[in-house]
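Student: I'm new to this structure and would love a close look at one part of it. Could you walk me through how a pair of helices packs together, and then show me a little of what else is there?

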Amino acid sequence: MTDCNTKPIPFSTLKRRQVLADFNGGSLTSDAGALLLREADRRLGLTEALDKVIPDPRNPFFIIHQQRTLLRQRIYALAMGYEDVNDQQALRVDPLMQLVTDRGVHKDIPLASPPTICRLENRIHRQTLADMAEALVETFIGSFKEPPGELILDFDATNDPIHGGQVGRFFHGYYDEYCFLPLYVFCGDQLLVAYLRPSDIDGAKHAWAILALLVKRFRQVWPNVKIIFRGDSGFCRWKMLRWCDRHGVDYLVGMAKNSCLLKLAAPLMEQAKKQCDAGGQKQRLFSWIAYAAGTWDKKRRLIAKAEHDEKGANPRFVITTLQGDAQQIYDGIYCARGEAENRIKEQQLGLYADRTSCHDFEANEFRVLLSAAAYVLLEHIRRTALVGTELEAAQVSTIRLKLLKIGGRLVSSARRIVLHLAGGYPLQELFRRIAGRLMSAASTG
């Protein structure tokens with residue numbers, strides 16, 4: 001923070017020695033690891049891409065804070081654990097934040113204030129949001145050096161509780177609260193779509209359109225890629241599955257239980273019950289069945305899982321076009337869908353995608369996309385620089401704690417800027433290795 005002279009602050013003595021504190025340490029920061037974010041962003045070109053698609057109506061003659069700098073302030077702050085715009089009041093004078101945003105370190109010239117960033121949030125239009133979403137997809141495409149052989153697209157919806165009078169505020173009976181209903185799409189750990197929606201809709205609303213746009217774009221750049229659509233029973237819509245059949249998209253989607261399915265699976269359930277009663281252990285049996293609801297265009301293949309334990313029966317059904325052993329498909333491919341839920345938790349708990357407290361819906365969607373951008377930066381570090389390290393499977397909150405929250409002193413001269421990291425930092429060698437990998441990727445990218 002800024003240099004200042006104050007009287008020492010006394011604390012309890014250590015034996016006969018005084019313990020004092022002051023604020024005369026110079027240009028210090030507690031987030032020295034944000035340099036990693038800067039290198040990840042330079043490698044991906046993410047904030048540059050977002051800046052290009054966001055119109056800036058301000059008069060260039062009067063602009064003090066460039067829009068690109070505003071975006072970096074907000075996105076990097078989210079990644080570093082600062083959830084609210086109000087946090088920028090303190091961060092704007094942090095020399096490290098001035099450095100990583102590429103604005104330049106000027107002790108007497110702070111970065112943008114919270115009202116300035118708030119004005120950015122509230123001038124975003126619907127088309128701009130669509131363009132930002134497209135930029136995230138293009139960033140995903142650019143992350144591949146070679147065409148992928150297969151892409152599994154995980155669709156999942158979640159609740160985003162709201163507590164004010166925001167536009168789009170509705171009560172959702174399932175979640176028993178006023179909330180938004182954002183839709184997320186992941187491919188592995190990589191985020192493709194973060195789409196805020198009101199909650200007075202079907203949970204699969206717009207999923208078909210988003211899937212169609214993704215498939216079209218991916219096949220433009222990777223004509224031979226195999227695409228699998230994966231989701232829970234909330235996305236089992238037969239017209240969407242028919243579109244997948246017609247466009248060569250495989251699917252693996254949960255299906256809600258009904259009386260017809262339970263009747264078809266009854267022999268398998270009875271067998272599982274008998275084996276459980278005989279052995280006293282949980283039994284899981286799998287089989288293929290054919291099923292079509294009355295409104296469907298044709299029968300489709302389903303995996304029936306007959307599970308029985310001391311608590312009773314627990315049948316499950318999954319509709320799919322994949323071929324192979326039913327249990328292997330269910331356990332090995334379908335159950336991996338749960339990882340998307342963990343990634344959503346990282347978004348909402350670790351990167352504050354649920355801080356949708358603006359009045360206008362577009363401003364809240366913009367906040368969700370900023371959180372998504374922060375995730376993309378941290379995920380890039382995890383996927384490219386943490387492979388083979390103790391943090392290769394760490395969540396974003398752990399990456400932040402271990403790698404970004406580092407004390408440091410910044411010394412600036414006419415020729416160079418040096419950030420002296422804390423000498424007691426316990427992961428020095430790991431930090432060197434990660435920084436080296438990011439810089440190497442940047443130099444070869």
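Tutor: Happy to! Keep in mind that this is a predicted model. Helices H3 and H6 lie roughly perpendicular to each other. That description follows from their packing angle of about 100°, because angles of 65 to 115 degrees count as roughly perpendicular. H3 covers residues 67-79 and H6 covers residues 114-121, and their axes are 11 Å apart. On the H3 side, the contact is made by Gln67, Leu70, Leu71, Gln73 and Arg74. Their partners on H6 are Thr116, Ile117, Leu120 and Glu121. As you trace these, a general point helps: an α-helix has 3.6 residues a turn, so residues three or four places apart point the same way.

Now turn to another helix, H9, which spans residues 238-246. Its buried residues are Trp238, Met240, Leu241, Trp243 and Cys244. These buried residues pack against helix H8 (207-221) and four strands: S10 (226-231), S11 (250-255), S13 (300-309) and S15 (316-320). After H9 comes Gly248, with a positive phi near 65°.

Finally, look at the surface. There, Ile9, Phe11, Leu14, Val19 and Phe23 form a nonpolar patch, and together they have about 480 Å² of accessible area. Strand S1 (residues 9-14) gives the most to this patch, with 3 residues. Ile9 sits in strand S1, and its relative accessible area of 33% makes Ile9 partly exposed.

Definitions and conventions: Residues are numbered from 1 along each chain as its sequence is written. This is a predicted model: local features need pLDDT of at least 70, side-chain atom pairs count only at pLDDT 80 or more; totals for chains, interfaces and linings use all residues. Side-chain values use heavy atoms; hydrogens and water are left out. Patches are made of residues with over 30% relative accessible area and no salt bridge: like charges are joined within 9 Å, nonpolar side chains (Val, Leu, Ile, Met, Phe, Trp, Tyr) within 5 Å. Accessible areas come from the Shrake-Rupley method with a 1.4 Å probe; for residues, only the protein chains shown count as cover. A salt bridge is a side-chain nitrogen of Lys or Arg within 4 Å of a carboxyl oxygen of Asp or Glu. Helices (H or I, at least four residues) and strands (E, at least two) are DSSP runs, numbered from the N terminus. Buried means under 20% relative accessible area, exposed over 50%, partly exposed in between (1.4 Å probe, protein chains only). Axes are lines fitted to C-alpha atoms, for helices over the stretch in contact, and angles run from 0 to 180 degrees between N-to-C directions. Angles under 35 degrees count as roughly parallel, over 145 as roughly antiparallel, 65 to 115 as roughly perpendicular and the rest as oblique. Contact means heavy atoms within 4.5 Å.
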